[in-house]
Amino acid sequence: MRYIIIVGCSRTGRVLARELSNTDNVVIIDKDLKKLDSFKEDFNGKKIWADALDVNTLEKAGIKEADALFLLTGNDNLNLVVGKVAKRKYKIKKIILQVNDTMKKKIFGEEGLTVINKTYLLGEVLKKCIS
Amino acid sequence: MYIVIAGAGRLGLILAKRLTEDKHQVCLIDKSQRLCGLLARELDKVMIICGDATYPEILREAQIEKADVSVAATSGDEDNIIISYLAKELFGIKRTVSRVNDPKHIPLYKYMKVDNPVDSTSIIARVVEEEASFSDVMNLLSIKKGRLSIVRVDIPENSPVANKSLKDIKLPANSVLISILRGPEIVIPSGSTSILPGDEIIAATLIDSEADLTKSLIGKV
């Protein structure tokens, strides 16, 4: 089983956490307790209610052992900062983060750091539909 | 100097005012349109830019590439880190200063190579601590991650060094007296200088010797 950390209990984060928790070890982090509580029996992972900008939180979540890290909070800058640090300091192999701004995708993308932009992605899919 | 400040909160604002008074050129960036409108009228010497400073195009508008220093003073630590990161990596700013809102976030500032993260919470906590301890010794400045301290020591009446000249006083190793503040006078000490009760002594000491220095100047720790 892979060890996966998800930061941000957004809609995407929740769906991903629920699905992956059937096959992998999943830890989800959010600073909003209500969002974490919205998981019912359908989630088989661990929930951590804390601030992801605090390295203690990341270490408590087991970042040193993680195979993959998803950063899916609605906050572009938080996703980017934690993503960069996870790569530089903790040498996580697979880091996937979401940003809303297309410009930031260009600046911050680097090897081992996949930056996903929903609008861009949807555009690509839409283009494929007519090709 | 040309200084770009992101975030026109209380800190950003006071900084902008002081720096313009000192004849520096200042550009202030803030997200709030309302605030920027007010500031544009109030601060006629400061260039005001309304926008999110974590976006490169806003920083470019502020001509950050010409800046000597960038200051990230917003209330979001993730924003401050990104602003400093862009300033450094994208625009080649040599010196990035940032306000740290939550001391727990300091490691991230370090990993992201912000040159000077200023942790006001810890600074204030230390000042309060110093005041509350009623100590005759006050730490004025810590250098090299706290290994070297500049301290101020008030000499009491019963000090073991009162009325002695410096050449007769044995100070611990790794400590040196820098100056003596005596009323309005500043005395740069030499061997024949005497220490009087009521003097305020400014000294530099390595952190390990601080207790010994205190003991030799005021008699107790």
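Helices and strands are here DSSP runs, with at least four residues for a helix and at least two for a strand. On that basis, chain A of this predicted model has six helices and six strands. Along the sequence, the order is β-α-β-α-β-α-β-α-β-α-β-α. Chain B has seven helices and 13 strands.

The radius of gyration of chain B is 22 Å. The globule rule gives 17 Å for 221 residues, so chain B is more spread out than a compact globule. Its C-alpha atoms fill a box of roughly 65 × 35 × 30 Å along the principal axes. Chain A has a radius of gyration of 15 Å, which agrees with the value near 14 Å for a compact globule of 131 residues. The box filled by the C-alpha atoms of chain A is roughly 45 × 35 × 30 Å, again along the principal axes.

Chain B is divided into two parts: domain 1 covers 2-120, and domain 2 covers 129-218. The centres of these domains of chain B, taken over C-alpha atoms, are separated by 38 Å.

Burial was assessed for each chain. In chain A, 38% of the 131 residues count as buried. In chain B, 31% of the 221 residues do. Contact separation along the sequence was also assessed. Among contacts in chain A with a separation of 6 or more, 44% link residues 24 or more positions apart. For chain B, 55% of the contacts between residues at least 6 apart join residues at least 24 apart.

The two chains touch each other. On this interface, 15 residues of chain B are in contact with 14 residues of chain A. Two elements of chain B, α4 (77-89) and α5 (106-111), each give two or more residues to the side that touches chain A. The most come from α4(B), with five residues. By class, this side of chain B has nine nonpolar, two polar and four charged residues.

Helix α4 of chain B has 13 residues, which should span 18 Å at 1.5 Å a residue. Its end C-alpha atoms are 18 Å apart, in agreement. The helix is mostly covered, with eleven of its 13 residues buried. The buried set includes the charged residues B:D77, B:E78 and B:D79. It also includes B:I81, B:I82 and B:I83. The buried residues of α4(B) pack against α4 of chain A. Within chain B, their packing partners are β1 (2-6), α3 (56-61), β4 (69-72), β5 (95-100) and α5.

Helix α4 of chain A covers residues 76-88 and has 13 residues. From its first C-alpha to its last, α4(A) reaches 18 Å, close to the 18 Å expected. Eleven of its 13 residues are buried, so α4(A) is largely enclosed by the rest of the structure. Among the buried residues of α4(A) are A:D76, A:L78, A:L80, A:V81 and A:V82.

In soluble globular proteins, nonpolar side chains tend to be buried together. The largest nonpolar core here has 70 residues. Those with the most contacts inside this core are A:I5, A:V81 and B:I5. Beyond its neighbours within four places in sequence, A:V81 is in contact with A:L53 of its own chain. Across the interface, A:V81 is in contact with B:E78, B:I81, B:I82, B:L108 and B:M112. A second, separate core has 13 residues, including B:I155, B:I201, B:A203 and B:I218.

Two residues of chain A were examined individually. A:K47 is found in strand β3 (residues 46-49). With 17 other C-beta atoms within 10 Å, A:K47 is partly exposed. A:K47 touches A:I28, A:L36 and A:F39, leaving out residues up to four places away in sequence. A:I28 is 19 residues from A:K47 along the chain, and their C-alpha atoms are separated by 5.0 Å.

A:R2 is found in the segment before β1 (3-7) of chain A. A:R2 counts as exposed, with 12 C-beta neighbours inside 10 Å. Its contacts, leaving aside neighbours within four places in sequence, are A:D24, A:N25, A:D67 and A:A68. A:R2 and A:K128 are 126 residues apart along the chain, and 32 Å separate their C-alpha atoms.

Key. Residues numbered from 1 in each chain as written. Chains lettered and ligands numbered in written order. Predicted model: local features only at pLDDT ≥ 70, side-chain atom pairs only at ≥ 80, totals over all residues. Rg over C-alpha atoms; globule rule 2.2 N^0.38 Å. Buried ≥ 20, exposed ≤ 12 C-beta atoms within 10 Å, placed from the backbone. Contact = placed C-beta atoms within 7 Å. Expected span 1.5 Å × (residues − 1). Domains from an automatic or database assignment. Core = buried A, V, L, I, M, F, W, Y, C linked by C-beta atoms within 7 Å.
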